[in-house]
Amino acid sequence: MGQLELLDQTLLPTSVEMLPFHDLHGVHEAIVSLRVRGAPAIGIAAAYGVVVGLQDAIRRRASTKESVQLATEACDYLATSRPTAVNLFWALDRMKRVIDRNTGVASAVELGNQLLREARLIHDEDRRMCHAIGEYGAALFEEGFGILTHCNTGGLATSEYGTALAAILTAHDQGKDIHVFADETRPLLQGARLTMWELQQYGVPCTLICDSMAPQVMREGRIQAVIVGADRITARGDTANKIGTYGVAIAAKHHGVPFYVAAPTSTFDLSIVEGNEIPIEQRKSEEITCAFGRRTAPEGVSVYNPAFDVTPAELITAIVTERGVIHPVDEQHVRAMVVRNASV
Ligand code: MRU
């Protein structure tokens, strides 16, 4: 009987620990608590989560009818884990289509095999998309560039290599002399804990700054490009990403620094046009008042904790996808790039 193994990202950078998952609730909890996080990685984990959710039915040799129902319920349940990253729903829709195509299979095992096949496909496609994004993105960086990034968009957040971080890593692999500035990314410090950890592993020259320092670092002329990932991009190019991204985009505009978004086409939601239609996840107040086990605000204070913000297309210089670079960022160019059926 298979199990899903995930690296527990909440423990980084002090501890590298793989966690085994045997049941659906564990996978759901892992996504909610950010043990696995980052838009593409959430989608991939959820796809495997559906397979994990079917293991009990396989063990019991449940009927096809019951297995189909359980797998469908698993998709619906996993879809309640986090609302903003569209990759989650994109992956679960694919899993649901597999379930619909296999209602006539002979057994729970056969359904499980089909679902596992699809989850592996989603995983492999993401790997290829990351590498293609890396190639297109690296071309945007010149020798000597200081590059600012926000949150974490590397292998931890994807299948491997990442999106925005793939562009940075590819430029580094190509021998370009670049220096990365990583925002720490309050409140959960994905930049400090995860991006710095990944950049260190790859030997990319990098400097950690507090989120509030980014405009000053731009003013000092240290940043020649900003590149971030995305959790959902609308048809006109409005982009939801980790809270704080919007402020970085405004600062970049003010300082004449190009602001790039890097994301696979699985992060686009063409069913909505305006960024204000993107559901923004609200998270627990404790993430701000006592994250990492230490109280940093008085008990009982009122807290507002949106996990994401939306950067309007007007502030985005270009969006790097696995199919090429969208520029200028508007509905016509987004649809032209994304609607094609091509896959890498
Ligand atoms: O709350 P998180 O850590 O899941 O947020 C992640 C981000 O905002 C990333 O920038 C985004 O998912 C892109 S990951 C390639």
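This is a short talk on the strands and helices of one structure, and on one buried residue.

Hi everyone, thanks for coming. Please keep in mind that this is a predicted model.

Let's begin with the main sheet. Seven strands make up an open sheet with mixed pairing, and the order runs β5-β4-β3-β6-β9-β12-β13. The edges belong to β5, residues 206–209, and β13, residues 324–326; each has a single partner strand, so one side of each has no neighbour in the sheet. On average, neighbouring strands here are turned by 25° against each other, direction ignored.

If you zoom in on the β5 edge, you'll find β4, residues 179–183, pairing with β5 in the parallel sense over four bridges. To give you a residue to click on, V180 has C206 in β5 as its bridge partner.

Now for the helices that lie across this sheet. Helix α6, residues 164–173, lies across β3, β4, β6 and β9, and runs at about 130° to β6. Over at β13, helix α11, residues 331–338, lies across β12 and β13, at about 160° to β13.

Next, please turn to the N-terminal part of the chain. Strand β1, residues 4–7, runs antiparallel to β2, residues 18–21, and four bridges join the two. Among the bridge partners, L6 goes with L19 in β2. The two faces of β1 are worth a look: L4 and L6 are on the covered face, while E5 and L7 are on the uncovered one.

Then we come to a helix pair. How do α1 and α2 pack, and at what angle? Helix α1, residues 24–32, meets helix α2, residues 39–59, at about 165°, and their axes are 8 Å apart. Angles over 145 degrees count as roughly antiparallel, so that is what we call α1 and α2. Their crossing is left-handed. At the contact, α1 brings L24, V27 and I31, and α2 brings I42, A45, A46, G49, V52 and G53. By class, that makes seven nonpolar residues, two polar ones and no charged ones.

One last residue before we finish. Is Q190, in helix α7, buried or exposed? Helix α7 covers residues 190–202, and Q190 has a relative accessible area of 2%, so with a cut-off of under 20% Q190 counts as buried. Leaving out residues up to four places away in sequence, Q190 touches L34, R37, C151, N152, E184, T185, T195 and K242.

That's my tour. Thanks for listening, and I'm happy to go back to any view.

How values were computed:
Residues numbered from 1 in each chain as written. Predicted model: local features only at pLDDT ≥ 70, side-chain atom pairs only at ≥ 80, totals over all residues. Heavy atoms only, no water. Pairing = 2+ DSSP bridges. Axes fitted to C-alpha atoms, helices over the stretch in contact; angles between N-to-C directions. Contact = heavy atoms within 4.5 Å. Parallel < 35°, antiparallel > 145°, perpendicular 65-115°, else oblique. Left-handed = near helix turned anticlockwise from the far one by under 90°. Nonpolar A, V, L, I, M, F, W, Y, C, P; charged D, E, K, R; others polar. Buried < 20%, exposed > 50% of the residue type's maximum accessible area, 1.4 Å probe, protein only.
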